[in-house]
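Please look over the following model before reading on, and keep the structure open alongside the text. The paragraphs below move from one local contact outwards to the sheets and cores.

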Amino acid sequence: MTRLRTPATIAASLALVLTVAGCGASVSDDKDEKDKNATADGGKGGHYPVTITNCGTETTYDKAPERVVTNDVGITEIMFALGLEDRMAGYVMPDDKGDLDAVPYKDAYDKVPWLSKREINRELVLDARADLVFAGWNYGFRESEGFTPAALKKLGVGSYLLTESCRNGVGKARGVMSPLDALYTDLRTLGKIFDVEERAEKLVRDYQRQIADAAARAPKERPTVFLYDDGRDKPFTSGRYAGPHDIITKAGGDHVMKDLKDSWVTVGWETVVERDPEVIVINNYGDTSAEQKKKFLLDYPPLAGVSAIKNKRIFTLDYADLVESPRNAAAVTALGDYLRSVRRDGNRPR
């Protein structure tokens, strides 16, 4: 068991509480009394020490971390949704992950330093005086460059791994539970680490309610769905342990790659053709726009006979909707609306 001790606590006020409403989160000025007390005493008091298990590793916290560095948009917004921006030293994120001005977390994004638009690394973490790095395997942590939890531990910096990225013991395949359960697990575990458990439970309840509402309206005959991330020679897609699997399934679709016991994976176009999806969901991010991806799919000769291409049934969601994040519930609702329209409209192209 690893024991993590943080530097002297600096008292800070949590300025933002985010709760889900409608298609996303909304800002609320209400703070439960437990959160107020935890902040007032700097995250000490009777709550600590606390021991959590993250990706199979036990860690004990004597205090709440004070200078967290996050990597990527979904991970950063998990912290924001929990109202923990005052516990952050900054975030790392490319500038191709969507319009940050249009999200409920705009004030938090404005408040927390954007440390880099390139890859997270040890120098950046040390310069930020981080006491905890919240990232994941292939969400920042990578063995090829020695940026791992073990390497950070030697530098006196703790790590929290995104549960969606946990390795499952089969090589470097990722995923140990369903993607939405991974989100709920991280919210609850981080709630315990930072002594905001009531806030975390409220978020989980709100997301579960929103997703249950969408699932209850799912079409009786589920359209088959393929997630297209990117790739020309071979497509990059989602297996059963990446966010799109649960988003597609809860929205009322049948995920054609549900048998792949990994998170984000590469497959062959012949597999896509063989499974003949009725709908293709595009992951909107990166240098290639969603419209460019759509044009490629529609013009790519091997796909000409695929149902989704013949009927032009292509739906777009943003990157932050599809990775583990507080936006997952809204993505289920949006995709669910589209899948119902597919069944309602029959084979008419949209």
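Which side chain is joined to that of threonine 70 by a polar contact of 2.8 Å? In this predicted model, the partner is the side chain of threonine 76. Threonine 70 lies in strand 6, which spans residues 68-71, and has a relative accessible area of 0%, so the residue counts as buried. Leaving aside neighbours within four places in sequence, the residues in contact with threonine 70 are Ile75, Thr76, Met79, Met88, Gly90, Tyr91, Val92 and Phe134.

Thr76 leads on to helix 2, where it is one of the buried residues, together with Val73, Gly74, Ile75, Glu77, Ile78, Met79, Phe80 and Ala81. Because nine of the nine residues of this helix (residues 73-81) are buried, helix 2 is largely enclosed by the rest of the structure. Just after helix 2, glycine 83 takes a positive phi of about 75°.

The wider setting can now be described. The protein chain has 350 residues, of which 56% count as buried, and its secondary structure comes to 13 helices and 17 strands. Among contacts between residues at least 6 apart in sequence, 69% join residues at least 24 apart. The chain exposes about 14900 Å², with carbon and sulfur atoms supplying 47% of that area.

Phe134, already met as a contact of threonine 70, is also among the residues with the most contacts inside the largest nonpolar core, alongside Leu82, Tyr109, Phe194 and Tyr207. This core has 64 residues, and helix 13 provides the largest share of them, seven residues. Phenylalanine 194, sequence neighbours within four places again left aside, is in contact with Tyr48, Ala64, Pro65, Val68, Met79, Leu84, Arg87 and Leu132. A second, separate core comprises 18 residues, including Phe226, Ile280, Leu297 and Leu303.

Two pairings of strands deserve a closer look. Strand 9 (residues 132-137) runs parallel to strand 11, and four bridges join the two; within this pairing, valine 133 stands opposite serine 159 of strand 11. From strand 11 (residues 158-161), Gly158 and Tyr160 point one way while Ser159 and Leu161 point the other, and all are buried. Elsewhere, strand 12 (residues 224-228) and strand 16 (residues 279-284) are likewise parallel and joined by four bridges, with isoleucine 282 in strand 16 as the bridge partner of tyrosine 228.

Strands 12 and 16 belong to an open sheet of four strands in the order 14-12-16-17, in which the pairing is parallel. Strand 14 (254-255) and strand 17 (314-318) stand at the edges with a single partner strand each, so one side of each is left without a neighbour in the sheet. Helix 13 (residues 328-345) lies across strand 12, strand 16 and strand 17, and runs at about 175° to strand 17.

A last site is the loop between strand 10 (140-141) and helix 5 (149-154), where arginine 142 has its place. Is arginine 142 buried or exposed? Its relative accessibility is 13%, and because buried means under 20%, arginine 142 counts as buried. The side chain of arginine 142 makes a polar contact of 3.4 Å with that of glutamate 119, and one of its polar atoms lies 2.6 Å from the backbone oxygen of isoleucine 120. Beyond four places in sequence, arginine 142 is in contact with Glu119, Ile120, Asn121, Trp137, Phe147 and Thr148.

Conventions:
Residues are numbered from 1 along each chain as its sequence is written. This is a predicted model: local features need pLDDT of at least 70, side-chain atom pairs count only at pLDDT 80 or more; totals for chains, interfaces and linings use all residues. Side-chain values use heavy atoms; hydrogens and water are left out. Buried means under 20% relative accessible area, exposed over 50%, partly exposed in between (1.4 Å probe, protein chains only). Contact means heavy atoms within 4.5 Å. Accessible areas come from the Shrake-Rupley method with a 1.4 Å probe; for residues, only the protein chains shown count as cover. A polar contact is a pair of N or O atoms within 3.5 Å; within protein, one must be able to donate a hydrogen and the other to accept it, and residues adjacent in sequence count only if both atoms are side-chain atoms. Two strands pair if DSSP finds at least two bridges between them. Axes are lines fitted to C-alpha atoms, for helices over the stretch in contact, and angles run from 0 to 180 degrees between N-to-C directions. A nonpolar core is a set of buried Ala, Val, Leu, Ile, Met, Phe, Trp, Tyr and Cys residues joined through side-chain atoms within 4.5 Å.
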